[in-house]
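Q: I am new to reading protein models and would like a close look at the cysteines here. Could you take me through them slowly, and say where each bonded pair sits?

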Amino acid sequence: MGVQTRQVLVVIYVITFFSLFSRYNTLKEDPPSSYNNYFEEVVAAGYDPQAYPSYFSTIIEDGKFKDLIRPRSEILSLQRLGTITSTSAKTVNVDNFGATADGTDDTEAFEKAWKEACSSKGAVVLEVPEEKSYLLKPIRFSGPCKSNLTIQIYGTIEASDDRSDYKEDSRHWLTFESVDNLLIEGGGNINGKGKIWWDNSCKINKHLPCKDAPTALTFYKSKNLMVRNLNIQDAQQIHVSFDKCTNVQASSLTVKAPEKSPNTDGIHVTHTQNIQITNCVIGTGDDCISIVSGSKNVQAMDITCGPGHGISIGSLGSGNSKAYVSGVTVDGAKLSGTTNGVRIKTWQGGSGTASNIIFQNIEMNNVSNPIIIDQNYCDRDKSCKEQSSAIQVKNVVYKNIKGTSASEVAIKFDCSENHPCQGIVLQNVNLQEQGDRAAKAICNNVKLSEGEDVFPQCPRP
């Protein structure tokens, strides 16, 4: 083992060891003084003790440390399961409120069913029957509710494709606002029927003005959410968005749209804390998962991505704005044929931080730009002007990432000259250009530690 490799391992284990203390003590109101001493010593040594909150647990696969972190999500799961299995649960069926599923507008029937379910006390199940398709205009399901609600979507919910129906709110189709302790499941389908919106997008037709399009499914200002076992397809724009939510589990979701459909992100996370996204299959015309400002403690595990633009943090800092993202872990992903792999993208002129990020156990198959930090991101037809300020990107680990690159450059760190990327660690990374040709790395303005088991390596200064 080389000296540099040993140094990388020492950095990682020291950081993650103290990270475990950090996570454990967040459960306590008054951490012991010995912990404070550890914290001060580690900071003085130049490390961020909260940099890698789940890294240590992923190394110890069968050990006790991983089990310490798991029960919190399991408790939430058991609480919700207790609600839906209760024999005393009240069932509210949309058909009983006038829904016809015959191609005519069922929005009013869903509004009435929601009012009944949300105003009822105790455990309530709102049911969308199977083998039926319901047409809905934009609708907002607002709380707070008196009940712990479960929505069972067995059938199909389809969007109106008449764009005039969205005059009052062009940004949303199905919205759940201020609804806590909500479970949505059932194996049914949510279809945004987005083609009419894609055809009228300025990204498809350059002669058209750029206008907003609806997000298919939005959760806003809600906490303790479980969204699982659903098929969401052909969104007008973003498929699923969690906005200003807390304590979220999104699992077993299938999200599909054509590769050329514009801005159709699969799962979008904004201003949301404590969210787990697991066992999802996503293929769209934009990011499979996008994580933007205000998001903290985000875990994405067992993700299949492609086609699309990969798994992205950002974009951040557009319009000289402030942005903060921290505590993101992507652990276990398969990306195929995507235009990017795992990406951090920030605009020039922004401020704030993107920090404490882990990408690990990832397989790339014919992926362009498999690993990329782009601090000069510019999603415009005209070039963006150079600016000195930038989002600070720091404490990012890339570990156990293997596969093939569709581009010659497999690793690209294009960081800010004034705010270089800091604390970037690569370990056990092997990316070959498709066809077994040698790929290369481009590394500008980055403070980097990489082991000997990394290919391609950044050029030595």
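A: In this predicted model, a good place to begin is Cys245, which counts as buried because its relative accessibility is 1%, under the 20% cut-off for that word. Cys280 is buried too, with a relative accessible area of 1%.

A disulfide is a covalent bond between the sulfur atoms of two cysteines. The count here comes to 6 disulfides, and when the bonded cysteines are numbered in sequence order, the pairing runs 1-2, 3-4, 5-6, 7-8, 9-10, 11-12.

One of these bonds joins Cys288 to Cys305, with an S to S distance of 2.1 Å; the torsion about the S-S bond is about 85°, so this disulfide is right-handed. The pair links distant parts of the chain, 17 residues apart, since Cys288 lies in the loop between β15 (273-283) and β16 (289-291), while Cys305 belongs to strand β17 (residues 295-305). Cys288 is buried at 0% relative accessible area, and Cys305 is buried at 1%.

Another disulfide connects Cys415 with Cys421, S to S 2.0 Å, and its torsion of about -100° makes it left-handed. Cys415, at 3% relative accessibility, counts as buried, and Cys421 is buried at 0%.

The sulfur atoms of Cys443 and Cys458 are 1.8 Å apart and form a disulfide, which is left-handed because the torsion about its S-S bond is about -70°. This pair also links distant parts of the chain, with Cys443 in strand β26 (residues 440-444) and Cys458 in the segment after β28 (454-455), 15 residues apart. Both Cys443 and Cys458 are buried.

How values were computed: Residues numbered from 1 in each chain as written. Predicted model: local features only at pLDDT ≥ 70, side-chain atom pairs only at ≥ 80, totals over all residues. Heavy atoms only, no water. Disulfide = S-S within 2.5 Å. Helix = DSSP H or I, 4+ residues; strand = E, 2+ residues; numbered from the N terminus. Buried < 20%, exposed > 50% of the residue type's maximum accessible area, 1.4 Å probe, protein only.
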